[in-house]
Amino acid sequence: MTTTRKRPGIAPLRCTLCGREVLRGEEYWACSGHLACRECLPELARRELAPCREICGREARV
């Protein structure tokens, strides 16, 4: 269960992919305007690396 730690005047830091609050002491990743918690890191990596994606057997021919 995730608990919210209220800090006066400071909005909680939230993962932009799942909306979960990132608590003090937890690691998170900030990339291209997204904030990702540990659980969402693989999804963020897939999104960010999508332009580099290749499918074996469908390589671009030069």
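These are my notebook entries on a predicted model of a protein.

**Entry 1: overall layout**

I began with the secondary structure. I count one helix and two strands in the protein. Along the sequence I read the order β-β-α. The strand β1 covers 29-31, and helix α1 takes in residues 41-49.

Next I looked up burial. The protein has 62 residues, and 13% of them are buried. I then took the accessible surface, which is about 5,400 Å². Carbon and sulfur atoms hold 54% of that surface.

I also checked the contacts with a sequence separation of 6 or more. Of these, 7% join residues 24 or more positions apart.

**Entry 2: L17**

I picked L17 and asked where it sits. I find L17 in the segment before β1. Is L17 buried or exposed? Neither: its relative accessibility is 23%, so I log L17 as partly exposed.

Which residues does L17 touch, apart from its neighbours within four places in sequence? I list H34, L35, A36, C40, E43, L44 and R47. Two of these partners, E43 and R47, turn up again in my salt-bridge entry as a pair. C40 turns up again in the cysteine entry.

I also took one distance from L17. L41 is 24 residues away in sequence, and the C-alpha atoms of L17 and L41 are 9.3 Å apart.

**Entry 3: cysteines**

I searched the whole structure for disulfides. The search gave zero. I wanted to know why C15 and C40 are not bonded. The closest cysteine sulfur to that of C15 is in C40, at 3.7 Å. A disulfide needs the sulfur atoms within 2.5 Å, so the 3.7 Å gap is too far for a bond. Going the other way, I get the matching result: the closest cysteine sulfur to that of C40 is in C15.

I checked the accessibility of both residues. C15 is buried, at 2% relative accessibility. C40 is buried too, with a relative accessible area of 11%.

**Entry 4: salt bridges around R20**

How many salt bridges does the structure hold? I find five. As a general note, side chains of opposite charge can pair when their charged atoms come close.

I started with R20. R20 forms a salt bridge with E26, and their closest N and O atoms are 3.3 Å apart. I then followed the links outward. A network of salt bridges joins R20, E26 and E39.

For accessibility, I note 22% for R20, which makes it partly exposed. E26 is also partly exposed, with a relative accessible area of 32%.

**Entry 5: salt bridges in helix α1**

I moved on to E43, a contact of L17. The E43 side chain meets that of R46 in a salt bridge, 3.4 Å from N to O. The E43 side chain also meets that of R47, here at 3.1 Å from N to O.

Why do these pairs fall about one helical turn apart? E43 and R46 are three residues apart in helix α1, so about one turn separates them. E43 and R47 are four residues apart in helix α1, and again the separation is about one helical turn.

I closed with accessibility. E43 is partly exposed, at 31% relative accessible area. R46 is exposed, at 53% relative accessibility. R47 is partly exposed, with 43% relative accessible area.

Notes. Residues are numbered from 1 along each chain as its sequence is written. This is a predicted model: local features need pLDDT of at least 70, side-chain atom pairs count only at pLDDT 80 or more; totals for chains, interfaces and linings use all residues. Side-chain values use heavy atoms; hydrogens and water are left out. Buried means under 20% relative accessible area, exposed over 50%, partly exposed in between (1.4 Å probe, protein chains only). Contact means heavy atoms within 4.5 Å. Accessible areas come from the Shrake-Rupley method with a 1.4 Å probe; for residues, only the protein chains shown count as cover. A salt bridge is a side-chain nitrogen of Lys or Arg within 4 Å of a carboxyl oxygen of Asp or Glu.
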